Amino acid sequence: MRTQDINACLGDLARLARQADDPARLQGALALLESRKAPNLKALRAELGRETGTPQLTYRLVDGRPTSIGPRDLTWALLAQILKTEGVK
(Lines give C-alpha, C1' and ligand atoms only; values in the text may rest on other atoms or scores of the structure.)
Protein backbone atom coordinates (compact mmCIF):
# COMPACT_ATOMS: atom_id res chain seq x y z
CA MET A 1 0.00 0.00 0.00
CA ARG A 2 1.08 3.56 -0.58
CA THR A 3 2.11 5.65 2.42
CA GLN A 4 -0.47 8.28 1.50
CA ASP A 5 -3.27 5.67 1.55
CA ILE A 6 -2.21 4.33 4.95
CA ASN A 7 -2.12 7.85 6.41
CA ALA A 8 -5.60 8.52 4.99
CA CYS A 9 -6.92 5.28 6.54
CA LEU A 10 -5.45 6.20 9.93
CA GLY A 11 -7.12 9.61 9.61
CA ASP A 12 -10.45 7.93 8.91
CA LEU A 13 -9.91 5.65 11.91
CA ALA A 14 -9.30 8.70 14.11
CA ARG A 15 -12.53 10.33 12.86
CA LEU A 16 -14.50 7.13 13.54
CA ALA A 17 -13.00 6.84 17.02
CA ARG A 18 -14.00 10.45 17.76
CA GLN A 19 -17.57 9.77 16.60
CA ALA A 20 -17.72 6.56 18.64
CA ASP A 21 -16.34 8.43 21.69
CA ASP A 22 -13.44 5.98 21.94
CA PRO A 23 -10.48 8.03 23.25
CA ALA A 24 -8.09 5.07 23.37
CA ARG A 25 -8.47 4.32 19.67
CA LEU A 26 -8.37 8.01 18.82
CA GLN A 27 -5.13 8.41 20.77
CA GLY A 28 -3.72 5.31 19.09
CA ALA A 29 -4.51 6.51 15.58
CA LEU A 30 -3.06 9.96 16.27
CA ALA A 31 0.06 8.42 17.82
CA LEU A 32 0.59 6.26 14.74
CA LEU A 33 0.20 9.27 12.47
CA GLU A 34 2.66 11.18 14.67
CA SER A 35 5.24 8.38 14.50
CA ARG A 36 4.82 8.21 10.71
CA LYS A 37 5.32 11.99 10.49
CA ALA A 38 2.13 12.13 8.43
CA PRO A 39 1.56 15.41 6.60
CA ASN A 40 -2.20 15.21 7.25
CA LEU A 41 -1.82 15.13 11.05
CA LYS A 42 -1.96 18.88 11.68
CA ALA A 43 -5.08 19.33 9.54
CA LEU A 44 -6.70 16.28 11.14
CA ARG A 45 -6.09 17.58 14.68
CA ALA A 46 -7.54 20.96 13.68
CA GLU A 47 -10.57 19.23 12.17
CA LEU A 48 -11.15 17.07 15.25
CA GLY A 49 -10.76 20.09 17.53
CA ARG A 50 -13.34 22.12 15.58
CA GLU A 51 -15.70 19.17 15.47
CA THR A 52 -15.90 18.79 19.23
CA GLY A 53 -15.24 22.36 20.26
CA THR A 54 -12.48 21.16 22.58
CA PRO A 55 -8.76 21.85 22.38
CA GLN A 56 -6.38 19.37 20.84
CA LEU A 57 -5.12 16.41 22.81
CA THR A 58 -2.59 17.31 25.47
CA TYR A 59 0.69 15.49 25.71
CA ARG A 60 4.06 15.65 27.39
CA LEU A 61 7.51 14.81 26.07
CA VAL A 62 9.37 11.76 27.35
CA ASP A 63 12.81 11.17 25.85
CA GLY A 64 11.88 13.57 23.05
CA ARG A 65 8.73 11.66 22.09
CA PRO A 66 5.16 12.80 22.78
CA THR A 67 3.18 10.68 25.20
CA SER A 68 -0.23 11.19 26.76
CA ILE A 69 -0.62 12.65 30.24
CA GLY A 70 -1.86 10.10 32.72
CA PRO A 71 -3.35 10.64 36.18
CA ARG A 72 0.03 10.12 37.90
CA ASP A 73 1.58 12.84 35.73
CA LEU A 74 -0.72 15.53 37.10
CA THR A 75 1.31 17.59 39.53
CA TRP A 76 0.94 21.09 40.93
CA ALA A 77 3.79 22.25 38.69
CA LEU A 78 2.04 20.95 35.58
CA LEU A 79 -1.25 22.52 36.66
CA ALA A 80 0.48 25.87 37.27
CA GLN A 81 2.09 25.68 33.83
CA ILE A 82 -1.26 25.00 32.16
CA LEU A 83 -2.96 27.84 34.01
CA LYS A 84 -0.13 30.19 33.12
CA THR A 85 -0.39 29.20 29.44
CA GLU A 86 -4.13 29.83 29.50
CA GLY A 87 -3.62 33.24 31.09
CA VAL A 88 -5.30 32.43 34.42
CA LYS A 89 -3.96 34.43 37.37
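Which pattern does the protein chain follow when it is read along the sequence? In this predicted model, the pattern is α-α-α-β-β-α. The protein chain contains 4 helices and 2 strands. Of its 89 residues, 18% are buried. Among contacts with a separation of 6 or more, 41% join residues that lie 24 or more positions apart.

**Helix H1**

- Helix H1 covers residues 3-19, and its 17 residues reach 25 Å from the first C-alpha to the last. This is close to the 24 Å expected at 1.5 Å a residue.
- The buried residues of H1 are Asn7, Leu10, Gly11, Ala14 and Ala17. Viewed down the axis of H1, these residues fall within an arc of 120°, so they line one face of the helix.
- Leu16 and Gln19 are exposed, and they sit on the face of H1 that is turned away from its buried side.
- Aspartate 21, which follows H1, has a positive phi near 55°.

**Helix H2**

- Helix H2 covers residues 23-35. At 1.5 Å a residue, its 13 residues should span 18 Å, and this agrees with the 18 Å between its end C-alpha atoms.
- Leu26, Ala29, Leu30 and Leu33 are buried in H2. They lie on the same side of H2, because they cover an arc of only 95° around the axis.
- Lysine 37 comes just after H2 and takes a positive phi of about 55°.

**The nonpolar core**

- The largest nonpolar core has 11 residues, including Leu10, Ala14 and Ala17, together with Leu26, Ala29, Leu30 and Leu33. Ala38, Leu41, Leu44 and Leu48 also belong to this core.
- H1, H2 and H3 are the elements that give two or more residues to this core.
- Which element supplies the largest share of this core? The answer is H2, with 4 residues.
- Leucine 48, one of the core residues, touches Ala14, Arg15, Arg18, Leu26 and Leu30, when residues up to four places away in sequence are not counted.

**Salt bridges**

- Side chains of opposite charge can pair when their charged atoms come close. The structure holds 5 salt bridges, and three of the pairs are described here.
- Arginine 15 and aspartate 12 form a salt bridge in which the closest N and O atoms are 3.0 Å apart. The two residues are 3 residues apart in helix H1, which means that about one helical turn separates them.
- Arginine 15 is partly exposed, because its relative accessibility is 27%. Aspartate 12 is likewise partly exposed, at 43% relative accessibility.
- Asp12 and Arg15 are also linked with Glu47 in a network of salt bridges.
- Arginine 25 and aspartate 22 meet through their side chains in a salt bridge, at 3.1 Å from N to O. Is arginine 25 buried or exposed? With a relative accessible area of 55%, arginine 25 is exposed, whereas aspartate 22 is partly exposed at 25% relative accessibility.
- Glutamate 34 forms a salt bridge with arginine 45, and their closest N and O atoms are 3.4 Å apart. This pair links distant parts of the chain, since glutamate 34 belongs to helix H2 and arginine 45 to helix H3 (residues 41-52), 11 residues apart.
- Glutamate 34 counts as partly exposed, because its relative accessibility is 32%.

**The strand hairpin**

- Strand E1 (residues 59-62) and strand E2 (residues 65-68) run antiparallel and are joined by 4 bridges.
- Which residue stands opposite arginine 60 in E2? The residue in that position is threonine 67.
- The hairpin of E1 and E2 has 2 residues between the strands. In this hairpin, aspartate 63 takes a positive phi near 55°.

Note on methods: Residues numbered from 1 in each chain as written. Predicted model: local features only at pLDDT ≥ 70, side-chain atom pairs only at ≥ 80, totals over all residues. Heavy atoms only, no water. Salt bridge = Lys/Arg side-chain N within 4 Å of Asp/Glu carboxyl O. Buried < 20%, exposed > 50% of the residue type's maximum accessible area, 1.4 Å probe, protein only. Core = buried A, V, L, I, M, F, W, Y, C linked by side-chain atoms within 4.5 Å. Contact = heavy atoms within 4.5 Å. Expected span 1.5 Å × (residues − 1). Arc of directions from axis to C-beta. Pairing = 2+ DSSP bridges.
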